[in-house]
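This report goes through one protein model, starting with a single residue and moving out to the whole chain. Keep the structure open while reading.

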Amino acid sequence: QLGAFSSAESAENFRARIYKDLAWLSEAILLVPGGNVFRLHLGPYRTPEDARLVADRIQAELNLRPVIVAK
């Protein structure tokens, strides 16, 4: 999960920023509504280790700490 927002517009703006700042990111960032929160999810990944590698790269490049969500 890249973030949770109180409005869909804020989530969409952040998603656009992520795509702009991380040109290497080829996966879709999904907007997941739930209650009064709009979450941005990336993935799924085959293994938790795969997810951690991408999360670490995002953190290093954007100083943003993604949260790994297991389903």
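## Isoleucine 18 and the core

Leaving aside residues up to four places away in sequence, isoleucine 18 touches Leu2, Leu25, Ile29, Leu62 and Leu64. The model in which these contacts are found is a predicted one.

Isoleucine 18 belongs to the largest nonpolar core, which has 13 residues. Within this core, Leu2, Ile18, Ile29, Leu40, Leu42 and Ile58 touch the most other members. Helix 1 (8-21), strand 3 (37-42) and helix 2 (48-62) are the elements that give two or more residues to this core.

## Overall fold

Two helices and three strands make up the elements of the protein. Read from the N terminus, their order is β-α-β-β-α. The radius of gyration is 12 Å, and the globule rule gives 11 Å for 71 residues, a close value, so the protein is as compact as a globular protein of that length. The C-alpha trace spans about 30 × 30 × 20 Å along its principal axes.

Contacts between residues distant in sequence can also be counted. Among contacts with a separation of 6 or more, 49% are between residues 24 or more positions apart.

## Surface and charge

Of the 71 residues, 27% count as buried. The protein has an accessible surface of about 4800 Å², and carbon and sulfur atoms account for 54% of that surface.

The protein carries 9 positive and 8 negative charges. The mean position of the positive charges and that of the negative charges are 3 Å apart.

## Two strand residues

Leucine 31 is part of strand 2, which covers residues 29-34. Is this residue buried, exposed or partly exposed? Its relative accessibility is 27%, so leucine 31 counts as partly exposed, given that the partly exposed class lies between the cut-offs of 20% and 50%. Not counting residues up to four places away in sequence, leucine 31 touches Ala11, Glu12, Arg15, Phe38, Arg39 and Leu40. Leucine 31 and arginine 17 are 14 residues apart along the chain, and their C-alpha atoms are separated by 14 Å.

Valine 37 is located in strand 3. With a relative accessibility of 26%, valine 37 also counts as partly exposed. Which residues does valine 37 touch, not counting those up to four places away in sequence? They are Ala4, Phe5 and Val32. Along the chain, valine 37 and alanine 11 are 26 residues apart, while 9.4 Å separates their C-alpha atoms.

## Backbone details

Two places in the backbone are described here. One is the peptide bond from glycine 43 to proline 44, which is cis, with omega near 10°. Proline 44 sits in the loop between strand 3 and helix 2.

The other is asparagine 63, in the segment after helix 2. Asparagine 63 is not a glycine, yet it has a positive phi of about 55°. Is asparagine 63 buried or exposed? The relative accessible area of asparagine 63 is 73%, so this residue is exposed, the cut-off for that class being over 50%.

Conventions
Residues are numbered from 1 along each chain as its sequence is written. This is a predicted model: local features need pLDDT of at least 70, side-chain atom pairs count only at pLDDT 80 or more; totals for chains, interfaces and linings use all residues. Side-chain values use heavy atoms; hydrogens and water are left out. Helices (H or I, at least four residues) and strands (E, at least two) are DSSP runs, numbered from the N terminus. The radius of gyration is taken over C-alpha atoms; the globule rule is 2.2 Å times the number of residues to the power 0.38. Buried means under 20% relative accessible area, exposed over 50%, partly exposed in between (1.4 Å probe, protein chains only). Contact means heavy atoms within 4.5 Å. Accessible areas come from the Shrake-Rupley method with a 1.4 Å probe; for residues, only the protein chains shown count as cover. Lys and Arg count as positive and Asp and Glu as negative; His and the chain ends are not counted. The place of a charge is taken as NZ of Lys, CZ of Arg, CG of Asp or CD of Glu. A nonpolar core is a set of buried Ala, Val, Leu, Ile, Met, Phe, Trp, Tyr and Cys residues joined through side-chain atoms within 4.5 Å.
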